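Please explain how the strands of this model are connected and what surrounds its ligand.

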Amino acid sequence: MDGQYLPMSEAKVSVLDWGFLHSDATYDTVHVWDGRFFRLDLHMDRFFRGMEKLRMNLPYDRSAIEKILSTCVALSGHKAAYVEMICTRGGSPTFSRDPRQSENRFIAFAVPFGSVASREQLERGLHVAISNTVRIPPKSIDPTIKNYHWLDLVKGLFDAYDYGAETALIVDINDNIAEGPGFNVFAVKDGRLKTPAYGVLAGITRQTVFDLCGELSLCVSAGDIDRDELKGSDEVFITSTAGGIMPVSKIDETVVGDGKVGSLTRQLTDLYWEKHADPAWS
Ligand code: PMP
């Protein structure tokens, strides 16, 4: 944090930081597997792109940040970890409302890897509920900026829990499927894959699925998916750094396909984990 390595319990952020007060921050989370980063370049690209769009500056270049992340992981002692890098607007010592007067701050931390879905959920597929909550800015303004704004996603999650499901998908302003709390979604129909195109975060795992589809010569596209189309899919899966590729077996009251993890989902998941051992993908 600001050039120092600290135990988590000593890492403190001011309540006046605009990241805390206004969600005025960008961040990225990278996955470390067997001591090696997975697709670090793509995460760094997104982080630096976000900072540029938010007009934030740090006194570190890309290689300095990569070094900080590596040190953070080494000091944490975790072989499998998530490393989160954050740039916040910071705060103004004079309480100025002019964001140009804040000093931007860099914070990174490493926590042990723990998948968002349990082994049991990965084997049977998740039960997802589609909430009526609409995904709202800032991601729908600029989906390349990864931001902590999650009010809509958290509301969707509570709607899903009330419904009796395990997680949520929320919709865009046209009632098409957008994304979930921390993940993108894919639908498979007749061997073709499709994922929402607009108003969603350009997830790195989503990108990885595009790349894996290229290797497997599978047809994949980005476009609108409405509720009925999603429910009528042969297979559905969700993607995130924190969970990889995770199957969905039920949407609201509809069983997806035959209710089991689909063969393309399985094939992509296996290849996804194989790539973690491939230095070309680190
Ligand atoms: N959508 C949202 C809203 C997210 O917060 C995330 C991850 N934090 C994702 C999608 C998945 O992105 P990635 O694959 O880069 O983890």
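The text below follows the chain through three strands and then turns to the ligand. The model is predicted, and residue numbers count from 1 along each chain.

Begin with strand 7, residues 184-189, and strand 8, residues 192-195. These two strands run antiparallel and are joined by three bridges. Within this pairing, A187 has K194 of strand 8 as its bridge partner. Two residues lie between the strands of this hairpin, and D190 takes a positive phi near 50 degrees there.

Strand 8 also pairs with strand 9, residues 219-222, this time in the parallel sense and over four bridges. Strand 8 thus takes part in an antiparallel pairing with strand 7 and in a parallel pairing with strand 9. L193 stands opposite V220 in strand 9. The route from strand 8 to strand 9 goes through helix 6, and this β-α-β crossover is right-handed.

Now take the ligand. It is surrounded by 13 residues, and the closest are L201, G203, I204, T205 and T241. Two elements give two or more residues to this shell: helix 6, spanning 204-215, and strand 10, spanning 235-240. Helix 6 supplies the largest share, three residues. The helix that the chain passes through between strand 8 and strand 9 is therefore also the one with the largest share of the shell around the ligand, by the run-based numbering of helices and strands.

What is the make-up of the shell around the ligand in nonpolar, polar and charged residues? Eight of its residues are polar, three are nonpolar and two are charged.

Note on methods:
This is a predicted model: local features need pLDDT of at least 70, side-chain atom pairs count only at pLDDT 80 or more; totals for chains, interfaces and linings use all residues. A residue is near a molecule or strand if its C-beta atom, placed from the backbone, lies within 6 Å of it. Ala, Val, Leu, Ile, Met, Phe, Trp, Tyr, Cys and Pro count as nonpolar, Asp, Glu, Lys and Arg as charged, and the others, Gly among them, as polar. Two strands pair if DSSP finds at least two bridges between them. A crossover is right-handed if, with the strands pointing away from the viewer, the path from the first strand over the helix to the second runs clockwise.
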